[in-house]
Each structure stands twice: as structure tokens, then as C-alpha cells.
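This briefing looks at aromatic side chains and at the nonpolar surface beside them. It begins with burial, then turns to ring pairs and the surface patch.

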Amino acid sequence: MRIGSLVILGVVAHAVFWVLLVVGATELGLRRSAAFLVLWVIGYVGSRWFSSGGLILVAYVAVLDVVLVLLVFKGDVPLR
């Protein structure tokens, strides 16, 4: 059961990353969008060197998500 929740977390983290990258492409510009894409590829390739690479990649993509939210929305997203 625990592994299933980690898989769901990974899918959500990746989905949010790609949605933020597409939505924020005009805000970020081509150079920053390409930089985030390169950072994602580096994380994807680099995670293969670790035995628990999938978990490391999920955490790495979650950090990229946080940075993208801060850049695209010019700060934290208000929940109210």
C-alpha cells in the first residue's frame, strides 16, 4: 500500500511540473523554460545511478515544482 502512494505522489509531481512548465512558458521565457527542462533531464538521468532513484527523482521534481510555482506566480499560491 505504501509503494502505491509513492507512485501516485510521483505522478502528481511530474504532472504538476509539466503543467507549470507549459503554463509558465510565456512568463518564464524560452531560456528559463529550457533550463528547467535541462534540470529535469539531469535529475532523470542522475536518478538512475541510485538504487532508490525513483524516490530521489520524485523529491527532486517536487523541488522543481516549488521553484516553478514561485517564479510563475511571483510568490506562493494563496489557498484562500
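In this predicted model, Trp40 counts as buried because its relative accessibility is 15%, below the 20% limit that defines a buried residue. Tyr44, by contrast, is partly exposed, with a relative accessible area of 35%, and both Trp40 and Tyr44 lie in helix α2, four residues apart, which is about one turn of the helix.

**Aromatic pairs**

- A search of the whole structure finds three aromatic pairs; among them is the edge-to-face pair of Phe17 and Trp18, with 5.0 Å centre to centre and 80 degrees between the planes.
- Another pair, formed by Trp40 and Tyr44, is stacked, with a centre-to-centre distance of 5.3 Å and 10 degrees between the planes.
- Through ring pairs, Phe17, Trp18, Trp40 and Tyr44 are linked into a cluster.

**Burial within the cluster**

- Phe17 is buried, with a relative accessible area of 0%, whereas its pair partner Trp18 counts as partly exposed at 34% relative accessibility.

**Nonpolar surface patch**

- Trp18, Leu37, Val41, Tyr44 and Val45 make a nonpolar surface patch of about 410 Å², and the largest share of this patch, four residues, comes from helix α2, which spans residues 25-47.
- Patch residues must have over 30% relative accessible area, so Tyr44 at 35% meets that requirement, as does Trp18 at 34%, while Trp40 at 15% does not.

Technical notes:
Residues numbered from 1 in each chain as written. Predicted model: local features only at pLDDT ≥ 70, side-chain atom pairs only at ≥ 80, totals over all residues. Heavy atoms only, no water. Patch = residues over 30% accessible without salt bridge, like charges linked within 9 Å, V, L, I, M, F, W, Y side chains within 5 Å. Areas by Shrake-Rupley, 256 points an atom, 1.4 Å probe, with all protein chains shown as cover. Salt bridge = Lys/Arg side-chain N within 4 Å of Asp/Glu carboxyl O. Helix = DSSP H or I, 4+ residues; strand = E, 2+ residues; numbered from the N terminus. Buried < 20%, exposed > 50% of the residue type's maximum accessible area, 1.4 Å probe, protein only. Phe/Tyr/Trp six-rings, centres within 6.5 Å; stacked < 30°, edge-to-face > 60°.
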